[in-house]
Structure formats: structure tokens, C-alpha cells
Amino acid sequence: MHVGWGKLLFKDGSYYEGEFVDGEITGEGCRLWASSGNTYSGQFVLGEPQGHGIMKYKAGGHYEGELSHGAREGHGHLVDPDGQAYWGSFHDNKRHGQGHMVFQNGDKYEGNWVQDRRQGHGVLCRADGSTYEGQWHSDVFSGLGNMTHCSGAIYRGMWINGHPVAQAKRIVITGPEVMDVAQGSPFTLSVQLRQDNGEVAKGEDGRVLKISAGVRYVQLPAYSEVSFFKVNKDSQETPIQTPFGFECIAYPLWSPKSGGLEPRAALESAGDLLPPKGELEPALASNTFRGQRDIPGGLPGENSSPSSWGRKPQCPEDCQRVEQGCAQFSDVRLGPPPPGYSPVFFLNDPREKADGRPRGGLGPGRTTPTMQDLPGGSRPDGVATAELAAAAFPGEYVIMIRDVTDPPFLGHTLPTAFKHLRVLGKGMDQRPHVPGEGPESPS
């Protein structure tokens with residue numbers, strides 16, 4: 001066997017320089033291919049790169065590792081023209097077997113590969129902090145897997161073609177269609193995330209849901225003489241459309257857990273809302289004051305921050321994270337009307353005098369409310385008046401639950417859920433709506 005060192009030139013401009021064995025290109029050497037511009041330095045067997053070596057590509061990138069008959073085979077490290085790097089097993093020039101890859105966008109994957117595609121079990125760590133661990137097929141999530149999103153949301157379950165099978169598609173506030181609440185009383189809301197088929201999305205945790213409220217908004221000339229609030233022009237907000245056939249204006253919430261003002265402790269803050277004593281008693285005798293469906297809104301929209309109201313945040317507990325597709329908002333209470341919207345008190349609606357019929361939604365046989373009917377009962381009028389100012393007026397309100405997961409889980413924000421809330425004054429019966437005036441409470 002003759003072993004030597006030499007250089008071989010080819011007609012197309014290619015060349016080889018390195019070891020020869022019995023006249024064949026075998027051993028350590030370096031070769032340039034003129035047609036591709038690629039260069040290789042490493043081990044050769046009978047003219048072909050075989051063994052360990054380094055291939056540099058004219059288009060960019062390089063490979064260092066094991067080769068067989070000129071192709072990547074075995075373990076190696078590949079950097080492509082975009083700077084993406086792979087460490088792992090190769091077969092027939094393709095990523096195949098166990099491997100780790102860092103992508104151009106910063107994502108990292110470690111797991112199984114089949115013919116240059118992620119397939120089998122693998123873990124993806126995205127640059128934004130999201131992770132997926134589970135089954136893959138043809139380079140996408142497929143099979144059982146867990147996604148922990150950078151927002152804190154988690155999905156555990158089946159995936160098909162990169163999409164979760166049992167993903168939540170809507171928010172549902174459970175309970176009656178119309179929820180009756182006594183004036184000033186707290187209430188609790190149970191919320192579920194549901195799939196398209198109506199089942200609870202128990203595989204989801206961590207979505208952030210935010211509760212907010214609105215008051216029915218009426219902006220009609222026919223109601224102008226019964227408006228409860230004198231609205232500052234600077235505080236006007238765009239009404240929010242509800243699924244109940246009316247619009248609402250955002251209204252503040254108060255929670256006992258917030259550290260905010262209790263109704264009785266809020267008297268000083270609410271003092272500016274009270275009319276002179278001489279104007280109060282006629283208002284207390286007005287059916288309009290007790291009316292539920294004749295109460296227009298006109299309160300500030302959600303763009304008004306709590307700080308602009310000159311008090312502590314109304315509901316620090318306004319956000320909850322979902323657990324197994326469910327969440328609960330406890331001890332929720334409507335707060336007093338925010339500053340900038342002063343109640344306007346007045347005598348009985350002139351329309352009542354014309355048709356002899358009360359218009360406050362009191363119903364047949366109801367009498368005009370008196371001081372005893374107001375919050376505080378027969379207590380001194382100063383106490384009853386103060387508590388009245390520190391609580392929401394009787395009327396129709398809306399509770400809204402929004403998906404505020406940030407960033408949106410898998411790029412999808414769930415639609416807002418609405419619940420029709422009816423605040424009843426002290427002594428009022430909980431009766432259904434008058435037909436034609438909105439949804440009725442379930443019997």
C-alpha cells in the first residue's frame with residue numbers, strides 16, 4: 001500500500017489536497033467543489049467525505065460532525081444560513097433522531113426528529129417564555145401535550161394540527177338570566193370557560209378574567225325629566241352595547257376585600273352627592289326614585305380610572321385566574337355613583353299626572369315609597385340619606401367579565417360575557433320584568 005500527500009486538480013476547477021492511498025483519495029484532506037462552492041476538510045474514503053469533518057457552505061452556514069458517502073450521517077452540529085443551530089442525530093443528510101435546535105427567533109426545541117421534522121415527544125421553549133411539552137407530528141403539536149403560556153395560562157390536553165382540541169371559546173356567568181340583588185348587598189358570581197360543545201374547559205388554568213359593571217343608559221328625550229344624574233360633558237363616554245337590548249355606561253365596583261371605603265365610611269366622600277335637605281323629601285316621595293326601568297344611566301365609561309374619582313381603587317380583587325375552567329368573584333358590590341355625576345332629585349313624573357299611573361315599575365297595588373322604604377328603614381333621615389349616597393341606586397345594571405389575559409392565550413381573546421343585574425330598593429319584591437321591557441328572569 002502506497003500512502004502519500006498530493007494535490008489533484010479537476011477539469012471544472014475543483015480540487016483535492018491531502019492524503020492518497022494507492023492512488024485513491026483516502027485519509028485526511030481538503031476539497032473544493034467548483035459547482036457549489038462548498039468546501040470540506042476532514043476524513044475521506046475513496047474520494048468521498050466519510051468519517052468526521054467540517055463542511056462549509058457557500059450559501060452560508062456550516063456542518064461539523066459525522067458523514068457517510070458525502071452526506072450528514074450520525075451525530076453532528078449544523079448551522080444554517082439564517083444562523084439557526086442544531087445539535088443531534090442525522091440520517092441521510094436530514095435531522096433524524098434525538099436533537100436540540102435553537103431557532104432564529106430565539107425558540108428552542110429538544111426532542112425527536114423524523115426526516116427534518118419534529119415528530120414524537122419534544123419540548124419547545126419559546127423566546128417569549130411559553131413552553132410546550134408533549135407529542136408532535138409533522139412539525140406541529142399533535143397528540144397529548146401541555147402548553148404553559150407566557151401569560152400564565154395553561155392548557156393540558158389533546159392537540160390536533162397545532163390546535164388544542166378542548167380549548168375554551170366563551171365565558172359563561174352561571175345563574176339566572178336576570179340576577180336580583182338588594183340595594184347595597186354583596187353578591188357572588190361563578191364563571192365558567194366553555195368549549196364549543198358547551199362543556200367546561202377543565203384543561204385550562206390561569207386565564208385572567210376581569211369583572212366590571214355598567215348601568216343601563218337611556219338617552220331619549222322622553223326620559224329627560226327623569227334622569228337621575230346630571231352628567232358633566234367632560235365625563236361622557238361611549239355607551240357599551242349589551243345583549244339585553246339596551247346600552248350601558250361603565251359603573252364602579254366596590255369589594256369588601258379592596259381595603260376601600262365601607263358604605264358607612266364613604267359618607268364623607270359621598271357628601272357632595274347629596275342635595276339640600278329641602279330637596280330630598282320630595283324626591284323620596286317620587287315613584288321615579290324607586291323606578292327600575294325609568295332609571296337612565298349616563299355614568300363614566302371604563303376609560304375613567306379610579307384615581308380620577310378621587311378615591312382608592314374600587315375593586316383590587318377585580319381580576320381572577322381560572323382554575324380548571326372555573327373562576328369565582330366573591331363579595332362583589334356596586335359602589336356609589338362616582339364624582340362628576342350628581343343625582344338630580346325632583347317631584348313626581350308629570351306623565352303620571354296625565355294618565356294617573358305610576359311609572360317606576362312598582363306594579364299594581366304598590367304605594368308611593370316613603371322614608372321607611374329607603375336603605376336604613378326608619379332610622380334618622382341623615383343615616384338613611386348617607387347610606388343611600390354610599391350605595392348604587394335601584395335600577396338595571398350589567399356585570400361584564402372580560403378575558404384580559406396578556407398577551408392573549410394562543411393569540412385568542414375570549415368574548416366578553418354579560419349578566420343582567422337588577423338592584424332592588426329595600427322592601428321591593430323581586431318580580432320579573434314588565435313584558436316588553438327586557439329579558440325576564442327564569443321562573
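Which residue takes a positive phi in the hairpin of S7 and S8? In that hairpin, which has five residues between the strands, the residue is Gly 83, with a positive phi near 90°. The model is predicted, so local features need pLDDT of at least 70 and side-chain atom pairs count only at pLDDT 80 or more, whereas totals for chains, interfaces and linings use all residues. Residues are numbered from 1 along each chain as its sequence is written, and side-chain values use heavy atoms, with hydrogens and water left out.

The chain contains five helices and 29 strands; helices (H or I, at least four residues) and strands (E, at least two) are DSSP runs numbered from the N terminus. Of its 443 residues, 44% count as buried, where buried means under 20% relative accessible area, exposed over 50%, and partly exposed in between (1.4 Å probe, protein chains only). About 21,400 Å² of the chain is exposed, and carbon and sulfur atoms supply 50% of this area. Accessible areas come from the Shrake-Rupley method with a 1.4 Å probe; for residues, only the protein chains shown count as cover. Contacts are defined by heavy atoms within 4.5 Å. Among contacts between residues at least 6 apart in sequence, 52% join residues at least 24 apart.

Strands S6, S7 and S8 illustrate the pairing of strands, for which DSSP must find at least two bridges between the two partners. S6 (residues 62-68) pairs with S7 (residues 71-79) in the antiparallel sense over six bridges, and Gly 65 stands opposite Gly 76 in S7. Two residues lie between the strands in this hairpin, where His 69 takes a positive phi near 55°. S7 also pairs with S8 (residues 85-91), again in the antiparallel sense and over six bridges. Here Gly 74 stands opposite Phe 90 in S8.

Side chains of opposite charge can pair when their charged atoms come close. A salt bridge is a side-chain nitrogen of Lys or Arg within 4 Å of a carboxyl oxygen of Asp or Glu, and by this rule the count comes to nine. One of them joins Asp 116 to Arg 95, with the closest N and O atoms 2.8 Å apart. Asp 116 is in the loop between strand S10 (108-114) and strand S11 (117-125), while Arg 95 is in strand S9 (residues 94-102), 21 residues apart. Asp 116 is partly exposed at 28% relative accessibility, whereas Arg 95 is buried at 16%.

Two further salt bridges involve strand S20 (residues 208-217). Lys 210 in this strand meets Asp 318 at 4.0 Å, N to O. Asp 318 lies 108 residues away, in the loop between helix H3 (287-290) and strand S25 (319-321). Lys 210 is partly exposed at 26%, and Asp 318 is buried at 17%. Arg 216 forms a salt bridge with Glu 396 (2.7 Å, N to O). Glu 396 lies in strand S28 (residues 395-403) and Arg 216 in S20, so this pair ties together parts 180 residues apart in sequence. Both partners are buried, Glu 396 with a relative accessible area of 1% and Arg 216 with 17%. In addition, a network of salt bridges links Glu 204, Arg 207 and Asp 403.
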